[in-house]
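Let's take a walk through this one together. Have a look at the fold, then we'll go through it piece by piece.

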Amino acid sequence: MTDTVEQIQASHGKGMTGRLRFVLFSGVRKKRENHVVHPFRVIVEREIGDQIRSWRFIILILIIALTTLGSLYTALTNISEAIKPDDPAGSFIFLKLFTISDGTLPSFIVFISFLGPLLGIGLGFDAVNSEHNNGTLSRLLAQPIHRDYIINAKFVGYLTVISEMFFALGFLVMGIGIIATGIAPSPEEFLRIVLFLLLSIIYVAFWLNMSIWFSVRFRQPATAALTGISVWIFFTVFYPLIVSLIMKGISNPAWVSNPSYQILLEKLKLGLMRFAPNVLFSEATGTLLMPTVRSLGPLTMEQIAGTVPGPLPLGQSVLLIWPHVTALISGTVLFFVLAYVPFMRREIRSR
Amino acid sequence: MTGKIIELNGLTKKYGDFTAVDHLDLLVGKGEVFGLLGPNGAGKSTTILMLLGLTEPTEGSVKVCGIDPVNRPAEVKKKVGYLPEDVGFYEKYSGLENLVFTGRLNGLPESQARKKALELIEKTGLAEQASKKAGLYSRGMRQRLGLADVLIKEPEVIILDEPILGIDPYGVREFLEMIVKLSKEEGLTVLFSSHHLYQVQQVCDRVGLFVGGKLLAEGDINTLSRKLFGNSPFAVEVGVPGNAERDPAIHAGFIETLMSVKGVLKIKEKNHKMLIECVQDVTPDISRTIIQAGFELTYLTKKEYGLDDIYYRYFEGGTDHD
């Protein structure tokens, strides 16, 4: 019997990478191997491993890495034109790497607001239903773990993957930016970028939880994916159209000349638009990465009169987007609850 | 109660108006191999889910190893290994990795889980497929891996839901032998559900018959047939050609003669064959009576009620046993 065991072990450690890994990490592995790891961590580790080895993740990360590099390239080629001597935001050159574009390729933040949902939906749409369909869910439930470990571990695992990816990308852009321009970011710029990355993670988590909810709700992963994608397309393409239709319908041409009526209309439009998570996200990221943004609503001439054009301090920028962040986080939590409650209550039979 | 691993008291599960399990009482002792037998939709799986705390009973109580799975499901699941119907594994991982994962979920350090997984893989005869991806496993291999998966946590009880569904006859025999061997070697209590009568009959110490959420009868095969067939546990089937076409008077006389044999309870006629139910084995008396009455006896067979008869009698023919 021991012969076979050794044979299996030998066949298992085959391959260059396996051997290399063994040589490099054998010390660490030995120590870890004799350690009891909390079941929750075991599941999270598996979720992370599953995701980063999957084709879908490789494809998603390729799309995002390519667009990042593309937008970085346009930003770098245009950055000299973007810097003007009397620019109030002149001290925030580094942030421009994330925001400028010459019109051929969208900027980094536009890409993220566009591809973030795809990433979230792509990671989460088969979270629960595929386990159910593969018959692994009922086997997992038969283990001495709490049921919510499963869904919590999925969220934590996916979020870890997303966070690592965003920080890696963000710091990569920063690093390339430093090398290419020779300008180092100021501490405030660095903080703004970190906050922007955190915000992007929240934004993706919002879509991720929505798609986890669909994965609990729909038995077929394809249905869940399609529903998620249609919500995403609805908000990016159709929702603005609907809002402008509504605005057209309710605006009264007789009052158009009245400025307070116009402000009212504009506020209403903004209020409606802000139901779309992508609008919330782009307003918030814009404010974070463009310190010159002073207000996210309409400003009257009286309000602007007498202001010195200058960037907002970080604290004020954050204050400006606080409602946006709150809304995104509460949406994220809401979707998680929507997924969590039925998952906990459901009776899970095999397949 | 000592020595009882599974105790069910008045267990009921309702889905809306539909009662899946209806006031079920059942005791399973330590080391027993118990078979839950019944047609599809009889409530076997629901009962199993309640045993594991995966669904809550509407009424009644469950105790597994003295623990109530409703309040403390995690503790029960530590002691109970459950192999769901049509078990699935993470297809991207090898069989071995899948087992190690389960072992670690049960609180084993990785090195120990791996060691144990290898032992179990050896035991279940999967040694050659250990590093093959689980997605490439055949149904029978998956089932065996499932058994290893159940055993890695060193359970006191193993519950198998339709474990032999979809395996070829040879595989079934192997699988069942493995279960019996394990239960004898390690003193495991085994509960499994099935609608395959023959196999259940082979390996189970006791059988419970499940219909419409109710346990019709339980016991070993002999007790069961006695319970189900009441006081007529024996039957003799005889063939007397042309009897039915004869003069009704003669025919009635013949029946009367047969009925006069001591121990005969009931006679049923069907296609020139007569089924004679009796209290004890009176086959010689019956044959003698027929011959002495001047009839021809072309066929006589003693019927012993196996699980098949029990099954068909109750499931196919409904409850019509008059």
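Which residues in α3(B) and α4(B) meet each other? From α3(B) come L96(B), L99(B), V100(B), G103(B) and R104(B), and across from them α4(B) offers E110(B), A113(B), R114(B), A117(B), L118(B) and I121(B). Sorted by character, the residues of this contact are seven nonpolar, one polar and three charged. As for the geometry, α3(B) covers residues 95–105 and α4(B) covers residues 110–123; their axes lie 8 Å apart, and the packing angle is about 130 degrees. Angles over 145 degrees would count as roughly antiparallel, so at about 130 degrees α3(B) is oblique to α4(B). The crossing of α3(B) past α4(B) is right-handed.

Keep your eye on α3(B), as it also packs against a helix of chain A. That partner is α3(A), residues 39–53. Here the axes are again given as 8 Å apart, with an angle of about 150 degrees, which makes α3(A) roughly antiparallel to α3(B). On the chain A side the contact involves P39(A), V42(A), I43(A), E45(A) and R46(A), and they meet F101(B), R104(B) and L105(B). This contact divides into five nonpolar and three charged residues, with no polar ones. Notice R104(B): it turns up in the contact with α4(B) and again in the one with α3(A).

Now for the sheet in chain B. Three strands make an open sheet in the order β2-β1-β4, paired antiparallel. The edges are β2(B) (18–29) and β4(B) (59–64), each pairing on one side only. From one strand to the next, the twist averages 15 degrees. Helix α1(B), residues 44–51, packs on this sheet and touches β1(B), β2(B) and β4(B); its direction makes about 120 degrees with that of β1(B). Within the sheet, β1(B) (residues 4–15) is joined to β4(B) by five bridges, and T12(B) stands opposite E59(B).

How far can you trust all this? Bear in mind that this is a predicted model, with ipTM 0.79 and pTM 0.81. Chain B has a mean pLDDT of 82, with 89% of its residues at 70 or more. Confidence in chain B is highest in α3(B), at 93, and lowest in α11(B) (residues 307–316), at a mean of 62. Over residues 317–322 of chain B the pLDDT falls below 50, though beyond near neighbours in sequence this stretch has seven contacts in the model. Where pLDDT is low, predicted coordinates shouldn't be read in detail.

How values were computed. Residues numbered from 1 in each chain as written. Chains lettered and ligands numbered in written order. Predicted model: local features only at pLDDT ≥ 70, side-chain atom pairs only at ≥ 80, totals over all residues. Heavy atoms only, no water. Pairing = 2+ DSSP bridges. Helix = DSSP H or I, 4+ residues; strand = E, 2+ residues; numbered from the N terminus. Axes fitted to C-alpha atoms, helices over the stretch in contact; angles between N-to-C directions. Contact = heavy atoms within 4.5 Å. Parallel < 35°, antiparallel > 145°, perpendicular 65-115°, else oblique. Left-handed = near helix turned anticlockwise from the far one by under 90°. Nonpolar A, V, L, I, M, F, W, Y, C, P; charged D, E, K, R; others polar. pLDDT = per-residue confidence, 0-100.
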